[in-house]
Amino acid sequence: MKQTHYVAREPDAQGFIHYPPEEHAVWNTLITRQLKVIEGRACQEYLDGIDKLGLPLDRIPQLGEINQVLAATTGWQVARVPALIPFQTFFELLANKQFPVATFIRTREELDYLQEPDIFHEIFGHCPLLTNPWFAEFTHTYGKLGLAASKEQRVYLARLYWMTIEFGLVDTPDGRRIYGGGILSSPKESVYCLSDQPEHQAFDPLEAMRTPYRIDILQPLYFVLPNLKRLFEVAQEDIMGMVEHGMQLGLHAPKFPPKPKAA
């Protein structure tokens with residue numbers, strides 16, 4: 001598992017997590033900036049989730065506040081985790097309708113991008129759509145399948161997750177919009193993904209599984225759902241059969257250069 005210099009904050013005896021003022025200030029900078037960026041870019045289901053969560057602007061929310069809303073809408077919860085967790089833990093949590101949230105926030109030096117998913121990415125990027133039953137069902141199914149999958153199968157499932165839950169786009173009556181949490185928590189990618197620079201491809205789960213990606217660049221390709229309900233429909237299909245088919249066919253050629261080797 002990769003290493004990180006971030007350390008998740010521990011709750012006190014009452015379950016309350018104390019963040020210093022500077023970390024609340026970073027949250028305020030991130031959320032106020034990103035709420036402006038996603039106007040006219042985020043899908044309506046995500047914006048509905050933002051309204052339901054009622055995220056504070058002046059402080060990092062407590063996980064219990066998020067859990068109250070998720071429990072009342074889809075029966076999900078968020079679970080406090082360290083900065084990085086193994087695949088096995090990740091799938092176990094999702095299979096139990098628990099979304100992992102690392103209780104640390106990025107520093108100002110890494111305001112625009114960091115490789116580790118912090119509390120802003122997880123709560124602002126993902127939790128709004130966990131109030132949506134279609135998205136929640138897909139995520140739950142994904143967790144259950146991943147829990148039972150082999151190491152080789154999980155690599156193909158990881159690409160499906162990346163191309164949907166993290167970096168997915170969706171067509172709506174108002175135009176093409178964002179639903180992927182990796183985009184919605186990134187000011188640069190929120191603008192770039194809907195520009196004419198990257199390639200857009202109609203969503204096909206098998207194709208998504210066969211498409212390589214790099215985590216440290218703007219994505220060269222985004223898969224576009226016809227509507228968000230398509231995720232719910234995919235959850236009812238034979239995803240593991242697609243994984244097996246994908247493993248037989250192999251990967252597509254990468255649409256990006258190889259990652260430079262560290263000096």
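## Exercises on a predicted model

**Exercise 1.** Find which residues Ser185 touches, not counting residues up to four places away in sequence, then work out where Ser185 sits.

*Solution.* Start with the contacts (heavy atoms within 4.5 Å). Leaving out residues up to four places away in sequence, you should get Gln34, Phe120, His121, Phe124 and Gly125. Before you go on, note that this model is predicted: local features need pLDDT of at least 70, side-chain atom pairs count only at pLDDT 80 or more, and totals for chains, interfaces and linings use all residues. Residues are numbered from 1 along each chain as its sequence is written, and side-chain values use heavy atoms, leaving out hydrogens and water.

Next, place the residue. Ser185 belongs to the loop that links helix 8 (181-184) with helix 9 (187-192). Helices (H or I, at least four residues) and strands (E, at least two) are DSSP runs, numbered from the N terminus.

Last step: is Ser185 buried or exposed? Its relative accessible area is 6%, so Ser185 is buried (buried is under 20%, exposed over 50%, partly exposed in between, with a 1.4 Å probe and protein chains only).

**Exercise 2.** Look up which residues the UniProt annotation "binding site" covers, and describe the surroundings of His126 and Glu166.

*Solution.* The unreviewed UniProt entry puts His121, His126 and Glu166 under "binding site" (positions follow the numbering used here, feature names are shortened, and annotations may be inferred rather than shown by experiment). These residues are spread over 46 residues of sequence, yet they cluster in space, with a largest C-alpha distance of 10.1 Å.

Now take His126. You'll find His126 in helix 5 (residues 119-126), and it counts as buried because its relative accessibility is 1%. Beyond four places in sequence, the residues touching His126 include Phe99, Phe135 and Ile165, as well as His121 and Glu166 from the annotated set.

Then turn to Glu166. That residue lies in helix 7 (residues 151-166) and is buried too, at 11% relative accessibility. With the same four-place cut, Glu166 touches His121, His126, Tyr161, Gly180, Gly181, Gly182 and Ile183. Compare the two lists and you'll spot Gly181 and Gly182 in both.

**Exercise 3.** Give the strand order of the open four-stranded sheet, and say which strands stand at its edges.

*Solution.* Read across the sheet and you get 4-3-6-5, with mixed pairing (two strands pair if DSSP finds at least two bridges between them). The edges are strand 4 (175-178) and strand 5 (199-202); each has a single partner strand, so one side of each has no neighbour in the sheet.

Go through two of the pairings. Strand 3 and strand 4 run antiparallel, joined by four bridges, and form a hairpin with two residues between them. Here, Asp171 has Arg176 in strand 4 as its bridge partner. Strand 3 (residues 169-172) also pairs with strand 6 (residues 221-225), this time in the parallel sense over two bridges. In that pairing, Leu169 is matched with Val224 of strand 6.

**Exercise 4.** What is the approximate phi of Lys97, and where is this residue placed?

*Solution.* Check the backbone angle: Lys97 has a positive phi of about 55°, although Lys97 is not a glycine. Then look at the neighbouring elements, and you'll see Lys97 in the loop between helix 4 (87-95) and strand 2 (98-102). Finally, its relative accessible area is 29%, so Lys97 is partly exposed.
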